[in-house]
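Work through the following exercises with the sequence and the model side by side. Each task is followed by a solution that goes step by step.

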Amino acid sequence: SSKIRNPEVQSTDDVAGLEDCIDFSLAKTISKIEEKLEKGGLPDCLDNDDIIPSIGNEMGAEAQIRFLKVKLRVTQEELDSVACECRKKDDENQNLKSRLKDMEEENTRLQRTISMQRSQTEKYKMLSQEAKKKSEVLQQEVIALEKVLQ
C-alpha cells in the first residue's frame, strides 16, 4: 500500500495480491459478484446502500463498476495493511516465545546451580561442625596435658 499506484495501469487482477497468503480469495468473490450483477442485480447478502451511496442509483452501470473497483482497491489495501500487521504480530509472538524458552532454560540452569550451591553449603557446614568438635576435643587434651606437666 506504500507504493504509488496508477489507477489506469492497475487491473483488478493486481488488486488481490494476497491470494497466496490467505485462504479467502477476494478476486473470486468479486468475480462472483460481477457475474450476479450481469445476471440482474446484487446478491441478496449485499445491500446496495452499504456498497454504493444513495447517489449510486443515479450512476450508470459503468460508473458503479468503477466505483466498486476503487472501493475494492481501498479494501484490498486495508486487507494488505491488516495482513502485514498480523505478520508483524506473529513475528513478535515467535520472538517472545523464543525469548521465553531461553529464559526458562536459563531459569532451569540457575535452579540447578542454586541446588548445587546449597548442597555444597550444607557439606561445608557439616565439615565446619566436625572441625569445631575436633578442635574442642584437642583443646581439652591440651588442657589435660598442661595439668599433667604442672
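**Exercise 1.** Determine what share of the contacts in the protein with a separation of 6 or more comes from residues 24 or more positions apart.

*Solution.* In this predicted model, contacts are taken with a separation of 6 or more, and residues 24 or more positions apart account for 51% of them. These contacts belong to a protein with four helices and zero strands, and its pattern along the sequence reads α-α-α-α.

**Exercise 2.** State how much of the protein is buried and what its exposed area consists of.

*Solution.* Begin with the residues: the protein has 150 of them, and 11% count as buried, where buried means under 20% relative accessible area. Then turn to the surface, where the protein exposes about 13,000 Å², with carbon and sulfur atoms supplying 53% of that area.

**Exercise 3.** Find the residues that gather in a patch of positive charge on the surface, and decide whether K39 is buried or exposed.

*Solution.* The patch of positive charge is formed by K28, K32, K36 and K39. Taking K39 as the example, locate it in helix 2, which covers residues 26-40. The relative accessibility of K39 is 73%, and because the cut-off for exposed is over 50%, K39 counts as exposed.

**Exercise 4.** Establish how many salt bridges a search of the whole structure finds, and describe the side chains of E106 and R109.

*Solution.* As background, side chains of opposite charge can pair when their charged atoms come close. A search of the whole structure finds one salt bridge, and the side chains of E106 and R109 meet in a salt bridge with an N to O distance of 2.6 Å. Next, place the two partners: both E106 and R109 lie in helix 4, residues 61-149, and they are three residues apart, which is about one turn of the helix. Finally, consider accessibility: E106 has a value of 33% and therefore counts as partly exposed, while R109, with a relative accessible area of 39%, is likewise partly exposed.

Definitions and conventions:
Residues are numbered from 1 along each chain as its sequence is written. This is a predicted model: local features need pLDDT of at least 70, side-chain atom pairs count only at pLDDT 80 or more; totals for chains, interfaces and linings use all residues. Side-chain values use heavy atoms; hydrogens and water are left out. Helices (H or I, at least four residues) and strands (E, at least two) are DSSP runs, numbered from the N terminus. Buried means under 20% relative accessible area, exposed over 50%, partly exposed in between (1.4 Å probe, protein chains only). Contact means heavy atoms within 4.5 Å. Accessible areas come from the Shrake-Rupley method with a 1.4 Å probe; for residues, only the protein chains shown count as cover. Patches are made of residues with over 30% relative accessible area and no salt bridge: like charges are joined within 9 Å, nonpolar side chains (Val, Leu, Ile, Met, Phe, Trp, Tyr) within 5 Å. A salt bridge is a side-chain nitrogen of Lys or Arg within 4 Å of a carboxyl oxygen of Asp or Glu. Lys and Arg count as positive and Asp and Glu as negative; His and the chain ends are not counted. The place of a charge is taken as NZ of Lys, CZ of Arg, CG of Asp or CD of Glu.
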